[in-house]
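Work through the exercises below with the sequence and the model open. Each task is followed by a solution in steps.

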Amino acid sequence: MLFTALIAAGLFTITPSIAGTVRQIAASDNAVTIYFDDVVNKASVFTLSGPNRIAVDILGGTTGGSAYAGGPIAAVRQGQFAPDTARIVLDLEQPALVTGGQFSDDGRSLKLNLRQAATGEFLGSLGRRLADIVPPLGFRASPPKKQYEVSAPIGRGNDSKNLPKIHGPSDERLPLVVIDAGHGGHDPGAISPHDGKREKDITLAIAKSICDELVKSGRVRVALTRENDRFIILQDRFGIARKMGANLFISIHADAAESQEANGATVYTLSETASDREAQKLAARENKANIINGVNLGGADSNVSSILIDLTQRETMNVSADFAKLLLREAKPNMRLRSNSHKFASFVVLKAPDTPSILFETGYISNANDGAFLSSADGQQKVGRSVASAVQVHFARRLASR
Ligand code: ZN
């Protein structure tokens with residue numbers, strides 16, 4: 001809710017007069033030219049797959065005018081992605097990439113250089129910006145008021161030969177869900193101050209139970225980031241999901257609190273603004289999993305490229321929030337939930353820009369009832385069933401809305 005409120009607050013402060021309107025878009029074999037009736041602020045280019053597309057976000061732009069496909073581009077579509085951003089989508093007949101581009105001297109037209117690419121090269125471009133192009137000084141619209149932006153390293157993932165096994169039907173058209181058992185190896189996660197129960201053991205057992213229930217449904221494919229007691233850095237957890245092209249990422253955790261009274265499950269989705277202090281502190285604790293002897297393993301990797309994911313991620317965040325609500329609905333009859341059970345915070349493990357992701361804190365291992373429930377085969381199966389039925393409804397809805 002808080003996230004929605006922030007976005008809305010941002011939207012109402014946009015001044016429409018700064019926007020240039022698209023007059024015409026023309027594609028040829030090696031270029032796409034976009035003409036505007038006034039100055040705009042910036043153009044950002046990125047790729048999307050399934051089907052292959054190139055998207056051009058025009059900051060300080062509004063949609064309009066006519067469009068002509070050509071060359072590798074089968075169709076040109078436009079949509080007002082946000083009040084301050086026109087999105088132009090180029091449907092590709094064959095894989096192609098934008099290698100750069102330039103605004104005209106008066107800032108009224110933008111030429112993007114296009115070249116055909118191999119499928120592998122195109123897929124390799126997913127998740128990062130191909131180009132950010134700004135008009136010449138003096139012919140640039142003033143930047144729209146900043147709404148929402150986070151930056152995140154992209155998980156380096158593993159080599160594909162190291163990717164986890166896929167459980168369930170071998171039909172590649174079925175959606176893939178990646179279940180992430182939190183912590184592992186030298187990182188035990190939370191430890192119950194009362195009986196020494198370790199989060200890493202509970203999360204693995206629950207992840208396996210969710211996997212079993214999902215496989216039983218026969219409607220999705222499932223992979224686990226770990227199937228044994230080993231350590232994985234946070235970026236590699238969502239990196240695995242991205243490498244495998246997962247449609248949903250679910251990270252399983254179990255908290256411990258000083259107070260034995262604290263109990264119930266919470267679902268978290270990503271926001272740079274935490275919904276409360278407790279959510280913020282929890283995210284800080286979970287994000288510490290990467291820090292070993294003072295060295296931040298997640299930040300030490302030179303292969304990790306940083307990108308700005310403000311616009312792409314907003315869509316992903318909405319889908320994640322919808323799934324969070326669905327999960328709470330399905331879990332309610334089966335397990336104890338906290339009264340304020342959907343919260344937001346900046347968890348590293350949720351930062352894949354293009355994979356809807358949630359973090360499920362299944363309860364408090366420091367609470368006698370929750371601890372017994374989460375350690376029991378019956379409790380683990382109840383959590384598994386809750387997640388599995390939410391996953392099924394989620395994909396059924398997404399299929400229906402297409
Ligand atoms: Zn945890």
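**Exercise 1.** Find which strands α8 lies across, and at what angle α8 runs to β15.

Solution. The model is predicted.
- Step 1: α8 lies across three strands, namely β13, β15 and β21.
- Step 2: Taken against β15, the helix α8 runs at about 155°.
- Step 3: Treat helix α7, residues 368–375, in the same manner; α7 lies across β15 and β21 and runs at about 120° to β21.

**Exercise 2.** Work out the strand order of the open sheet of six strands and state which strands stand at the edges.

Solution.
- Step 1: The order reads β14-β13-β15-β21-β16-β20, and the pairing is mixed.
- Step 2: β14 and β20 (337–345) each have a single partner strand, so each has one side without a neighbour in the sheet, and these two stand at the edges.
- Step 3: Ignoring direction, neighbouring strands are turned by 20° against each other on average.
- Step 4: For one pair inside this order, take β15 and β21, which pair in the parallel sense over six bridges. Ser-251 stands opposite Leu-359 in β21.

**Exercise 3.** Identify the members of the largest nonpolar core that touch the most other members, and the element that gives the most residues to this core.

Solution.
- Step 1: The core holds 37 residues; Val-177, Ile-179, Leu-214, Ile-250, Phe-360 and Val-391 touch the most other members.
- Step 2: Elements giving two or more residues include the strands β13 (176–181), β15 (248–255) and β21 (357–364), and the helices α3 (199–217), α6 (310–331) and α8 (377–400).
- Step 3: Among the contributing elements, α3 gives the most, with seven residues.
- Step 4: Check one member. Leaving out residues up to four places away in sequence, Val-177 touches, among others, Leu-214, Ile-250, Val-391 and Phe-395.
- Step 5: Keep this core apart from a second, separate one of 30 residues, which includes Val-32, Phe-36, Leu-114 and Ile-133.

**Exercise 4.** List the protein donors of the zinc ion and give their spacing along the chain.

Solution.
- Step 1: The donor atoms are NE2 of His-183, OE of Glu-199, ND1 of His-253 and, listed twice, OE of Glu-286. They lie 2.0 to 2.3 Å from the zinc ion.
- Step 2: Along the chain the donors follow H-x15-E-x53-H-x32-E.
- Step 3: Place the pair His-183 and Glu-199: His-183 is in the loop between β13 and α3, Glu-199 is in helix α3, and the two are 16 residues apart.
- Step 4: Are these two residues buried or exposed? Both His-183 and Glu-199 are buried, the cut-off being under 20% relative accessible area.

Notes
Residues numbered from 1 in each chain as written. Predicted model: local features only at pLDDT ≥ 70, side-chain atom pairs only at ≥ 80, totals over all residues. Heavy atoms only, no water. Core = buried A, V, L, I, M, F, W, Y, C linked by side-chain atoms within 4.5 Å. Buried < 20%, exposed > 50% of the residue type's maximum accessible area, 1.4 Å probe, protein only. Helix = DSSP H or I, 4+ residues; strand = E, 2+ residues; numbered from the N terminus. Contact = heavy atoms within 4.5 Å. Donors = N, O, S within 2.8 Å, 3.2 Å for Na, K, Ca; no water. Pairing = 2+ DSSP bridges. Axes fitted to C-alpha atoms, helices over the stretch in contact; angles between N-to-C directions.
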